[in-house]
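Here are a few exercises to work through with the model open beside you. Try each task before reading its solution.

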Amino acid sequence: MKKWTKYNALRMKSKDSHAKAIFANRKSKAKSNGVVFDITYEYTLSIAPDVCPVLNIPLSWCESRGKVGPGDNSPSLDRFVPELGYIQGNVYWISHLANRIKSNFNTEQVCAVANWMKNRD
C-alpha cells in the first residue's frame, strides 16, 4: 500500500477523524484565502449528521477514495453564505453531490430543472 493510501485509510477510521481531517483542510484553506474561520472542531462535530439534510442520502463517513477524490456521499463542510466565512450558524455538513449542485447552479436554475422533471412525470 502506498504511503498516501495508508495515511488516508488511517485518518478515515472514524467519523471523528474524518471530520477532523476535513475541518483542518477547511481551516487551512480559509487562512490562505483570507476567509473568516471562527468555529471550533467540537462545534463542527456537534452538527455533523449521518444523512445529508439536502438529498436525504447517507453520508459516507470513514470512507477514503484516495486519489479518486470525494464520492457523491462524501461529507462536505459548507457555508450557506460564503461571504460570511466559517462562523456558527453559517456552516453545515452536506453530501458532496449536494454541494456540487449548490455550487454549480443558482436557485432559479435548480427550481427550473426540478419543475421540468416534475412535469415530465
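Is Asp-78 buried or exposed, and what is its relative accessible area? Before solving that, note that this is a predicted model, where local features need pLDDT of at least 70, side-chain atom pairs count only at pLDDT 80 or more, and totals for chains, interfaces and linings use all residues. Residues are numbered from 1 along each chain as its sequence is written, and side-chain values use heavy atoms, with hydrogens and water left out.

**Exercise 1: Asp-78 and its strand**

Solution. Start with the cut-offs: buried means under 20% relative accessible area, exposed over 50%, partly exposed in between (1.4 Å probe, protein chains only). Asp-78 has 11%, so it's buried. Next, look at its strand, β2 (strands are DSSP runs of E, at least two residues; helices are runs of H or I, at least four; both are numbered from the N terminus). Five of the five residues in β2 are buried. Pro-75, Leu-77 and Arg-79 sit on one side, with Ser-76 and Asp-78 on the other.

**Exercise 2: A charged partner**

Find out which residue Asp-78 meets in a salt bridge.

Solution. A salt bridge needs a side-chain nitrogen of Lys or Arg within 4 Å of a carboxyl oxygen of Asp or Glu. Asp-78 meets Lys-102 this way, at 3.0 Å from N to O. This pair links distant parts of the chain, as Lys-102 is in helix α4 and Asp-78 in strand β2, 24 residues apart. Unlike buried Asp-78, Lys-102 is partly exposed at 33%. Now try another pair: Asp-72 and Arg-100 form a salt bridge at 2.9 Å. They too link distant parts of the chain, 28 residues apart. A search of the whole structure finds four salt bridges.

**Exercise 3: The strand next door**

Work out how β2 pairs with β4.

Solution. Two strands pair if DSSP finds at least two bridges between them. β2 and β4 have five, in the antiparallel sense. Pro-75 stands opposite Ser-95 in β4. Ser-95 has 0% relative accessibility, so it counts as buried. Contact means heavy atoms within 4.5 Å, and the residues touching Ser-95 include Cys-52, Asp-72 and Ser-76.

**Exercise 4: The nonpolar core**

Identify the elements that give two or more residues to the largest nonpolar core.

Solution. Such a core is a set of buried Ala, Val, Leu, Ile, Met, Phe, Trp, Tyr and Cys residues joined through side-chain atoms within 4.5 Å. The largest has 19 residues, with Trp-61 and Trp-93 among those with the most contacts inside it. The elements are α2 (15–33), α3 and β4. Finally, trace Trp-93: its contacts include Ala-19, Trp-61 and Leu-77.

Definitions and conventions. Lists of a residue's contacts leave out its neighbours within four places in sequence.
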